[in-house]
2 protein chains.
Amino acid sequence: MNHPELNALRTELDEVNKELLSLINKRGELVQQIGKIKSAQGIKKYDPVRERHMLDLISTENDGPFDTSTLHHLFKEIFKAGLELQEDDHKKELLV
Amino acid sequence: MNHPELNALRTELDEVNKELLSLINKRGELVQQIGKIKSAQGIKKYDPVRERHMLDLISTENDGPFDTSTLHHLFKEIFKAGLELQEDDHKKELLV
């Protein structure tokens, strides 16, 4: 099937996917830096107050089309991946 | 607890979260436009070949720190949310 408008939208979607990938990885790097400071200070990695703050920020800033509950679900998955990254780094530190 | 470097990183993380939110919603709008064309043409919303293409793109472009399997998991959640958005739109069309 060949549909010029559909093809153009798909090309744009691929670009957005690449930007998302880059931004998720940038977030990963920030989370790693935060994890290193927390490790050095003996602070717990998981911080429910910060997570609540970040979810509230999403509720406030969201102007759709996704509803806030869907976005909260997606961001919780992103937070979890970030936490796992910090935990992996911490294990590597312990092995050095 | 007050730690200037940690606070600066958290501020940066909030900014990245806002950019992610905006980009996920931009993706949602694109997916809605694609869904409308597909509806009009009677094409199925879920396209496993396109999904494979998008996951392959992520594998190729990923330069970490997240590993590709984690990113595939996150993107599959994002794809699923997009598909649900298209299905909601389709139901609304049918109700009009």
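In the predicted model, chain A carries 14 positive and 18 negative charges, and the mean positions of these two sets lie 7 Å apart. The accessible surface of chain A amounts to about 5,300 Å². Carbon and sulfur atoms contribute 52% of that surface.

The secondary structure of chain A consists of three helices and zero strands, which gives the pattern α-α-α along the sequence. Chain A is more spread out than a compact globule, because its radius of gyration is 18 Å, well over the 12 Å that the globule rule gives for 96 residues. Along the principal axes, the C-alpha atoms occupy a box of roughly 55 × 30 × 15 Å. Of the 96 residues in chain A, 48% are buried. Among the contacts of chain A with a separation of 6 or more, 55% are made by residues 24 or more positions apart.

A cis peptide bond is present in each of the two chains. In chain A, this bond links Gly64(A) to Pro65(A), with omega at about 10°. Pro65(A) belongs to the loop that runs between helix H2 (48-61) and helix H3 (68-95) of chain A. In chain B, the peptide bond from Gly64(B) to Pro65(B) is likewise cis, and omega is near 10°. The loop between helix H2 (48-61) and H3 of chain B contains Pro65(B).

The arrangement of the two chains was then examined. A turn of 180°, with a shift of 0.0 Å along the axis, lays chain B on chain A with an RMSD of 0.0 Å. This is the relation of a two-fold axis. The same surface serves both copies, in that 100% of the contact residues of chain B recur in chain A. Within chain B, the residue that comes closest to the rotation axis is Leu20(B), whose C-alpha atom is at 3.4 Å.

Glu77(B) illustrates the contact between the chains at the level of a single residue. Glu77(B) is located in helix H3 (residues 68-95) of chain B. When neighbours within four places in sequence are left aside, the contacts of Glu77(B) are with His73(A), Leu74(A) and Glu77(A). Glu77(B) counts as buried because its relative accessible area is 14%, and buried means under 20%.

Terms used
Residues numbered from 1 in each chain as written. Chains lettered and ligands numbered in written order. Predicted model: local features only at pLDDT ≥ 70, side-chain atom pairs only at ≥ 80, totals over all residues. Heavy atoms only, no water. Least-squares fit on C-alpha atoms with pLDDT ≥ 70 in both. Contact = heavy atoms within 4.5 Å. Helix = DSSP H or I, 4+ residues; strand = E, 2+ residues; numbered from the N terminus. Buried < 20%, exposed > 50% of the residue type's maximum accessible area, 1.4 Å probe, protein only. Rg over C-alpha atoms; globule rule 2.2 N^0.38 Å. Areas by Shrake-Rupley, 256 points an atom, 1.4 Å probe, with all protein chains shown as cover. Lys, Arg positive; Asp, Glu negative; His and termini not counted. Charge placed at Lys NZ, Arg CZ, Asp CG, Glu CD.
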